[in-house]
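Open the model in your viewer and set the display so that both backbone and side chains can be seen. We will go from one selection to the next and say what is there each time.

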Amino acid sequence: MMLGGTAPIQRLNYDVFFQLAERLYAQGALKDLSNTCRTFRQWSMPVLFQVCWVRQTIESPMERKFPPPSIWPYIRSITVHDILCPDSHRYNPIPGVMLVRRCGIVNGFISRAFRRMPELHAVHLILSHHGIPWLALQLILALPQLREFSCTPQISYTPEGSARVRKLVMDSPAPLTSFQFTRDIYAISHLFDRLQSRAEERLLDLILRSAHTSLTILALPIESAPLRTIGSLDFPRLRELTLKGLSGPSQELQCDLVSALGRMPELRVLELDIALSPRRTPQPIWPPGVITTYPWPHLQRLCVSFPHANDQLYPHLPGDLTHLALRYSPHQIIHKWEAPWRETECVFPPSSADDILRILQECKATGLVELEVEYHQGEDDDDTLLRYIATSFPELETLRLFLYHRDGAIASDVNGIGKLLNPLQRLRTLWLYMDFPLQNPAHFRRNDHASLHRFQETADALARTLGSSVTVVKMLRPQKYFEREYEWGVYEVVRDDAESAGPYARYSYFLTHGEEEPEDDDANDE
């Protein structure tokens, strides 16, 4: 189809113009083009308004902040961020019951608006104070054009979500390909009770029964994941699964995970980001004595919190696994640094270097390109583990190490770590945490110059001793100016400086903890 008109650009095929508009949009230049004339404005609208972000606050309820109806036909993805619900300061003493209904999520405004967006493909909800009434959620999930839905940190709205969900069914559900409902581990406090968990579990049970055949991406909180239902359903297209949250003291997994997740033959990514509360102990994914067939032949990425040395899973992992993480959740040091502000307690049963070594020796995935390990090192057991990693996984390009020394043990020598990892000739990036005394947040902020100098010395030592393929070293540290903020100091390895006596590390920028890739505005001077 031609765009029409007499100007040369107006004789373009629309598909060609659409590709041009997509490129300009990616470069941030499409808005300028659309402001030049009415014709360009009309042509650009399907690209310019395909992604929208709406923020609701007390001062600006949803109806005031929402995009005008004139652009609704062009919206393909919308994120609604309920920063501070306009009803939040008017809560009735009865939990979950509101005196007014100014919130666009509770009063159904957004679900009615979404029904008038014919191209709406993805809905993302970030909710601060409450979930979604079941009727509104049902209307959203029934949109025939919807394919992706995400929500955090709550999904069920207490008065209706808990009392009526059993009586409702999904009317003409959309064939979702992605359903992601997650919350931060620390959001599970005493305010999150078992009643709400059961309400969410019933709701999620209903949703999964209607969407399990079409889903390719699924993320659920472990507190309310209906594992028995999941184990009874086939997920023929599922490629990515994340279970995240806090396993409470009174909560027992209804079944072993290898059985509960055993009907997902196309699974590529499995992330079990599950923290442990006090009085809980790590459980194997595939317990000894459970007889079953390994269910994920195409698995490429596996993340396990609190790995169990007697887990039968690791000997069965496919040889072409490319990413493996054996870690704590959350990282032990982050939980320690956060302790003064957190109500939720987690426990950290020590994984020793011997435990991690035993797991890796059972793993046949010698082609790993990314590995993460977190463990407590003894006086003389860490060298064997690092030496094994360096010789058994020659394809590694990224290595993440979180090393803690036991009481009375001496922290690892940085030069020793670099020399042990030197055989990794494909390694490009090393992420490292070592529990130096200077990394205590209070000490770091009082003596930031001495602390930063220690980080620079560590980075220089690694630059001299690691293999020549390493280009970047990243080290975790507290943020210098803000409490409860942590960052990865990024150091580039310089090897071609004629004025230097050898390789050294040059500070480049920092990444906020949790970010995997740098952004342009993340670059900062020390």
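Begin by selecting P330 in this predicted model, a residue that lies in the loop between β10 (323–327) and α12 (332–338). Show the backbone on either side of this proline, and look at the peptide bond that joins S329 and P330, which is cis, with an omega of about -10°. Most peptide bonds are trans.

Next, select H331, which is also found in the loop between β10 and α12. Is H331 buried or exposed? Its relative accessibility is 7%, and because buried means under 20%, H331 counts as buried. Now add E374 to the selection and display both side chains, where you will find a polar contact of 2.8 Å joining H331 and E374.

Move on to F306, in the loop between β9 (301–305) and α11 (313–316). The backbone is the thing to inspect here, since phi of F306 is near 55°, a positive value in a residue that is not glycine. Most residues other than glycine have a negative phi. With a relative accessibility of 3%, F306 counts as buried.

Finally, select helix α15, residues 414–421, and colour its buried residues, which are V414, I417, G418, L420 and L421. Turn the view until you look down the axis of α15: the buried residues fall within an arc of 165°, and therefore they line one face of the helix.

Definitions and conventions. Residues are numbered from 1 along each chain as its sequence is written. This is a predicted model: local features need pLDDT of at least 70, side-chain atom pairs count only at pLDDT 80 or more; totals for chains, interfaces and linings use all residues. Side-chain values use heavy atoms; hydrogens and water are left out. Helices (H or I, at least four residues) and strands (E, at least two) are DSSP runs, numbered from the N terminus. Buried means under 20% relative accessible area, exposed over 50%, partly exposed in between (1.4 Å probe, protein chains only). The arc is that of the directions from the helix axis to the C-beta atoms. A polar contact is a pair of N or O atoms within 3.5 Å; within protein, one must be able to donate a hydrogen and the other to accept it, and residues adjacent in sequence count only if both atoms are side-chain atoms.
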